[in-house]
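Q: Please take a close look at one part of this predicted model, the way its strands are arranged. Then follow the chain outward from there, residue by residue where that helps.

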Amino acid sequence: VAMTDSAQVVSRHLALLLMDPPFESSRTVVALRLIAATLQAGHKVSVFAYEGAVALTQEGQSEHPNPVHGTPAEGEDHLLPSALVEQLSKLAAEHAGQLDWVNCGYCMDERGSQPLVPLTRRGGPADFKKMIEGADQVIVVATRGE
């Protein structure tokens with residue numbers, strides 16, 4: 001939280017475009033950590049999930065066993081992106097931040113990524129346009145072409 005000369009709290013707004021699907025790269029984890037840190041500082045974060053990133057908030061993600069290692073689901077301790085996004089919403093409330101998570105509806109339809117975890121919503125490119133118009137900073141976490 002930045003302080004002005006008059007000691008007023010200035011809230012900042014960070015907008016992110018995420019494109020990677022869950023479990024594919026560390027870019028998504030780094031983005032989620034950046035979102036968490038921004039929310040902990042009491043700022044606003046807007047996320048537009050595009051392409052494979054719409055699966056980050058898909059309900060029904062669950063841990064699974066690893067038959068190669070012979071471990072049950074409980075022993076694998078899988079990181080579930082949908083649970084992380086739900087935690088981000090709680091983090092925002094705890095620190096007077098604000099999280100607006102929008103999934104591209106076209107991308108959801110193409111991938112069958114429904115339903116969504118609570119506190120996230122379906123939207124479109126116009127939502128991302130509004131996000132970037134009102135943001136102090138914009139970060140695009142794009143997929144990497146191989």
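A: Start with the sheet. Five strands form an open sheet, with parallel pairing. Their order across the sheet is β6-β5-β4-β3-β7. The edges are held by β6, residues 120-123, and β7, residues 137-141. Each of these two has a single partner strand, so one side of each is left without a neighbour in the sheet. From one strand to the next, the twist averages 20°. The model is predicted, and that applies to everything described here.

Now take one pairing inside the sheet. Strand β3 covers residues 13-18, and strand β4 covers residues 44-49. The two run parallel and are joined by six bridges. One residue pair gives a handle on the register: Leu17 has Phe48 in β4 as its bridge partner.

Next come helices that meet these strands. Helix α1, residues 26-40, packs on the sheet. The strands α1 touches are β3, β4, β5 (98-104) and β7. The direction of α1 makes about 165° with that of β3. Helix α3 spans residues 81-94 and lies across β5 and β6. Relative to β5, α3 runs at about 150°.

Ser82 is a good residue to follow in α3. Its relative accessible area is 6%, under the 20% limit, so Ser82 counts as buried. What does Ser82 touch beyond its neighbours within four places in sequence? Its contacts there are Leu56, Thr57, Gln58, Gln61 and Val117.

Step back to the chain as a whole. The protein has five helices and seven strands. Read from the N terminus, the elements run β-β-β-α-β-α-α-β-α-β-α-β. Of the contacts with a separation of 6 or more, 70% are between residues 24 or more positions apart. The C-alpha trace spans about 60 × 30 × 30 Å along its principal axes. Of the 146 residues, 41% are buried. The exposed surface comes to about 8,300 Å², and carbon and sulfur atoms supply 53% of that area. As for charge, there are 11 positive and 18 negative side chains. The centres of the two sets lie 7 Å apart.

Return to the way into β3. Arg12 sits in the loop between β2 (9-10) and β3. Its relative accessible area of 38% falls between the 20% and 50% limits, so Arg12 is partly exposed. Setting aside neighbours within four places in sequence, Arg12 contacts His43, Lys44 and Asp136. Lys44 belongs to the stretch 44-49, which is β4. Gly123 gives a distance across the model: its C-alpha atom is 23 Å from that of Arg12, with their positions 111 residues apart along the chain. Gly123 is within the 120-123 stretch of the edge strand β6.

Helix α2 is another stop, at residues 73-76, and Glu76 lies in it. At 21% relative accessible area, Glu76 is above the 20% limit for buried residues, so Glu76 is partly exposed. Which residues does Glu76 contact, apart from neighbours within four places in sequence? They are His64, Pro65, Asn66, His69 and Thr71. Pro65 is 11 residues from Glu76 in sequence, and their C-alpha atoms are 6.7 Å apart.

Last, the backbone in the loops. Most residues other than glycine have a negative phi, and most peptide bonds are trans. Three places here depart from that pattern.

The loop between α3 and β5 holds Ala96. Ala96 is not a glycine, yet its phi is positive, at about 60°. With a relative accessible area of 65%, which is over 50%, Ala96 is exposed.

The other two places share a loop. Pro115 is in the loop between α4 (105-111) and β6. Leu119 is in the loop between α4 and β6 as well. The peptide bond joining Gln114 and Pro115 is cis, with omega at about -5°. Leu119, also not a glycine, has a positive phi of about 70°. Its relative accessibility is 63%, over the 50% limit, so Leu119 counts as exposed.

That loop leads back to the sheet. Strand β6 stands at an edge, with a single partner strand. In the strand order, β6 is next to β5, and helix α3 lies across both.

Notes: Residues are numbered from 1 along each chain as its sequence is written. This is a predicted model: local features need pLDDT of at least 70, side-chain atom pairs count only at pLDDT 80 or more; totals for chains, interfaces and linings use all residues. Side-chain values use heavy atoms; hydrogens and water are left out. Helices (H or I, at least four residues) and strands (E, at least two) are DSSP runs, numbered from the N terminus. Buried means under 20% relative accessible area, exposed over 50%, partly exposed in between (1.4 Å probe, protein chains only). Contact means heavy atoms within 4.5 Å. Accessible areas come from the Shrake-Rupley method with a 1.4 Å probe; for residues, only the protein chains shown count as cover. Lys and Arg count as positive and Asp and Glu as negative; His and the chain ends are not counted. The place of a charge is taken as NZ of Lys, CZ of Arg, CG of Asp or CD of Glu. Two strands pair if DSSP finds at least two bridges between them. Axes are lines fitted to C-alpha atoms, for helices over the stretch in contact, and angles run from 0 to 180 degrees between N-to-C directions.
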